[in-house]
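Grab a pencil and work through these exercises with the structure open beside you. Each one sets a task, and the solution then goes step by step.

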Amino acid sequence: MLELFTGAQPLIGGEDEPDPLEKRVADLDKADVIDRVLIGYSSIWPHNHAVVPYLLARTTHLSPILAHRPGVMSPTSAARFFASLDVLARGRLALNIVVGGSDKDLLREGDGTPKADRYRRATEYLDIVRRAWTSPEAFDHHGEFYDVEGVNLQTRPHQGQVPIFMGGDSEDAIEFGARHADLYMLWGEPLAGTRERIERVRAASAPHGREMRFSVSLRIFVAETDELAWQAARDAEREIEAAQGTNRFLRSSKGDTSAGRQRALALTDQELHDDCFWTGLTKLVGGFANSQALVGSYDRVLKSLRRYRELGVDAFLVTTGAEAGYDPALGEFLAETKRTLT
């Protein structure tokens, strides 16, 4: 079955009371066509580990993908926190494990672990987390990064294990995902690149006896005609361009040397790929995630999504506009996408 995700930052920096958050969350909770909502992580954003429990308490449908960075808490604390939260959420929780990214952002939280070591640490971290969720008996662990003793949780996840989502393009990321990811999150790429990445991840996961699921993140500009869709895309482009020099729209740090960012920027040498894959916003925001777009009429974009689906994509993370959020106006198109491509 095809799943549809979106992304949100439900508590916006600078807000000092929750009323606007509650309205935005209520709108998301009504979006029956959306299966999960990614709540991202940054050291300067409102803390999603505080926001997500609040969202779950205020909603009945919204199912968050909570981004989590290994290293901000111990693995046994994380296992206990997420198990407790999944019980309170009645199984609505998933985790997006964020390992790579900006060294500068990690240093803001006092994490100076070299990038070459972070995936080894994350693998050990999730080894402990998953064992804590499933081990019927107390256990000890003595490893390269963590030493824990007598781990025996009284509360286990409602789902047995909380689903783990992650992404990344480096060899370390792919091996980490092959071992621990239940769903591999791909940012938008032309069809040939998407096919190549799916094949690489599948080849890495096979020795672990795991069959990987995949999502692709795309910003959608869709309308009755190609002309109207391109008008919306260009409007978003002008809005982001006018805000250059401010912090209104997030950009990838120049110090971000991740394989994913470099691969995204390489696409911007050509603005349009395949039939309607557009990289104009990717170039403006310096390769920041979820900036690659599909632009066109309803039929054109649906045909493009079908071609991704035929490659083995199980879910699309869909946003729109300059803010890369969810627009209820997409609801009818996304419902048709689900009916047609499931």
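**Exercise 1. Find the strands that pair with β9, and name residues that stand opposite each other.**

Step 1: Start with strand β13 (residues 315-319), which pairs with β9 in the parallel sense over 5 bridges. Strands here are DSSP runs of E with at least two residues, helices are runs of H or I with at least four residues, and both are numbered from the N terminus. Two strands count as paired if DSSP finds at least two bridges between them. Leu-218 stands opposite Val-318 in β13.

Before you go on, a word about the source: this is a predicted model, where local features need pLDDT of at least 70 and side-chain atom pairs count only at pLDDT 80 or more, while totals for chains, interfaces and linings use all residues. Residues are numbered from 1 along each chain as its sequence is written, and side-chain values use heavy atoms, with hydrogens and water left out.

Step 2: Now look at strand β8 (residues 183-187), which pairs with β9 in the parallel sense over 5 bridges. Leu-186 has Val-216 in β9 as its bridge partner.

Step 3: Strand β12 (residues 293-297) runs parallel to β9 too, and 5 bridges join them. Here Val-222 stands opposite Gly-296 in β12.

**Exercise 2. Work out how enclosed β9 is, then check two of its serines.**

Step 1: Strand β9 covers residues 213-223, and 10 of its 11 residues are buried, so the rest of the structure largely encloses it. Buried means under 20% relative accessible area, exposed means over 50%, and partly exposed is in between (1.4 Å probe, protein chains only).

Step 2: Take Ser-215, which is found in β9. Ser-215 counts as buried because its relative accessibility is 0%. Leaving out residues up to four places away in sequence, Ser-215 touches several residues, including Phe-5, Tyr-184 and Ala-315. A contact means heavy atoms within 4.5 Å.

Step 3: Ser-217 also has its place in β9. At 5% relative accessibility, Ser-217 is buried. Among the residues that Ser-217 touches, not counting those up to four places away in sequence, are Trp-187, Asn-290 and Leu-317.

**Exercise 3. Place Leu-218 in a nonpolar core.**

Step 1: A nonpolar core is a set of buried Ala, Val, Leu, Ile, Met, Phe, Trp, Tyr and Cys residues joined through side-chain atoms within 4.5 Å.

Step 2: The largest one has 76 residues, and Leu-218 is one of those that touch the most other members, along with Leu-95, Trp-133, Tyr-184, Leu-294, Phe-316 and Leu-334.

Step 3: Which helix gives the most to this core? That's α5 (residues 115-134), with 8 residues.

Step 4: Apart from this core lies another, of 15 residues, and Phe-221 is among them.

**Exercise 4. Compare the backbone angle phi at two loop residues with the general rule.**

Step 1: Recall the rule: most residues other than glycine have a negative phi.

Step 2: Arg-90 has a phi near 55°, a positive value in a residue other than glycine. Look for Arg-90 in the loop between α3 (75-88) and β4 (94-97). With 71% relative accessibility, Arg-90 counts as exposed.

Step 3: Asp-274 isn't a glycine either, yet has a positive phi of about 50°. The loop between β10 (272-273) and β11 (277-278) holds Asp-274. Is Asp-274 exposed, partly exposed or buried? With a relative accessible area of 45%, Asp-274 is partly exposed.
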